[in-house]
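This report concerns a strand pairing and the aromatic contacts of one protein chain. The sequence and structure are shown first.

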Amino acid sequence: MLLLFRKILTGLFNLLSIIRCLRSTIVQYVAFNPPEVGYLIRNRNEVIKTQIMSPLQEERSKTLYEPHSPLIQVKQPKRQSHQFTKEHLSIISPRIKYYNTLQNIEYQQQLRNPKNQHQYPSQEFNFISNELKAMEIDNNPGLPISSYVLESNSGNLIASIYIEFQNSEQIILYSHGNSTDIGLMFDTYVDIVMECKINLFSYDYSGYGQSTGYPTDINLLYDIESAYIFLVDQLQFEPRNIIVYGYSIGSGPSTNLASRHNVGGLIIHSGLSSGLRVIDPTIDHTSYYDIFPNLDYIVDVTAPVYLLHGGADSMINVVHAEQLAQNTNHLFSVWLVENGGHGDIESQWKELYFKRLQRFIQYCQTAYIKRPYQKLNKRTTEHIYDECDFEKEIFQIGILEM
């Protein structure tokens, strides 16, 4: 019965995908689920005059306390996203109180500033409480935190957060999962930075958080492209020092980016081999209407790849990690956690999670392989197999005993 349902569902998607506009609509409603916005960003240098309000401010002040305020809640019933401009993102209603976490000049000088600060002014990142008042971010760890508004090739404005760790040349480019945003992920980001002593940059997909537009698979590829270019051109990180981290649906844009650009490493956490294979993992060949065909992308990734997945993942079956590992050229490690779910590995197995993450980051410092201009035609023999058994080219992985 389950097999029949899978066939019917994939067949229906195939039929409707013949029409391009229907495919985008289906993907938008089925694959993506943006949460309510829980943070705001504003230009630190913007001086807000409460006596003089712009038309946009007046509109926001009227709708600020309404349940579906476009300022507070981007996800509308019809998924209509409020279209901000760069100037609009800098203008916040005076009814919301802000705390500038980086007012100290000496503290601001610690930041690795963009090459073009006029085009990419530093933004202040704040949470929103239930009372609609901004809360100051806990900066007790002493981490310089800043946000930037990027412009994607899709025309959308992309909200981002940058957490800097002093004396580290490496940076993680983190693509989060579904039903979350950079505000909800903030604690996880801080833990990674503190435990691994590494910089971290993350962004919200189109239609998520404070980012404008609508979430589609194509828009997500544009979004991560703008983030990567910003890291290289503006923050001036070397490509070999950029470790791309894709969690869940974030594995799609992450793997695609790593297959087209030079990066220092790729981490796929509870990732998918392709969108349709989440419905039916037994699909042999990737269809043209599939989304995020990571199984095909990963063949062109020359950087070291670290896969981790929960053995009891009910959302994305562990077989996806096995499928991805089979097509990986430079496999560092596959960590399958027995009884691990879709989003609890970093919390339930925290110590081991960070220990393995640190080891991979250290390995990436010396294992950089510049991506050739041509696609790889065959698998390289330079692998590091960890918890993996290969017998006559047949890939087998055993669930780890924890």
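## A buried aromatic contact

In this predicted model, F230 has a relative accessibility of 2% and therefore counts as buried, the cut-off being under 20%. Y148, at 0% relative accessibility, likewise counts as buried.

F125 and F186 are both buried as well. Y148 and F230 form a tilted aromatic pair, with 5.1 Å from centre to centre and 50 degrees between the planes. This pair links distant parts of the chain, since Y148 belongs to strand β4 and F230 to helix α7 (residues 217–234), 82 residues apart. Ring pairs also join Y148 and F230 with Y120 and F201 in a cluster.

## Other ring contacts

The structure holds 15 aromatic pairs. One of them is the stacked pair of F125 and F186, whose centres are 6.0 Å apart and whose planes differ by 20 degrees. F125 is part of strand β2 (residues 123–128) and F186 of helix α6 (residues 186–196), so this contact ties together parts that lie 61 residues apart in sequence.

A charged side chain also meets a ring: R112 lies over the face of F237, at 3.9 Å from the ring centre.

## Strand β4 and its hairpin

Strand β4, which spans residues 145–151, is mostly covered, with 6 of its 7 residues buried. An antiparallel arrangement with strand β5 (residues 157–163) is joined by 7 bridges. Within this pairing, E151 stands opposite L157 of β5.

The two strands, β4 and β5, form a hairpin with 5 residues between them. In the turn, G155 has a positive phi of about 95 degrees.

Conventions:
Residues numbered from 1 in each chain as written. Predicted model: local features only at pLDDT ≥ 70, side-chain atom pairs only at ≥ 80, totals over all residues. Heavy atoms only, no water. Buried < 20%, exposed > 50% of the residue type's maximum accessible area, 1.4 Å probe, protein only. Helix = DSSP H or I, 4+ residues; strand = E, 2+ residues; numbered from the N terminus. Pairing = 2+ DSSP bridges. Phe/Tyr/Trp six-rings, centres within 6.5 Å; stacked < 30°, edge-to-face > 60°. Lys NZ or Arg CZ within 6 Å of the ring centre and 35° of its normal.
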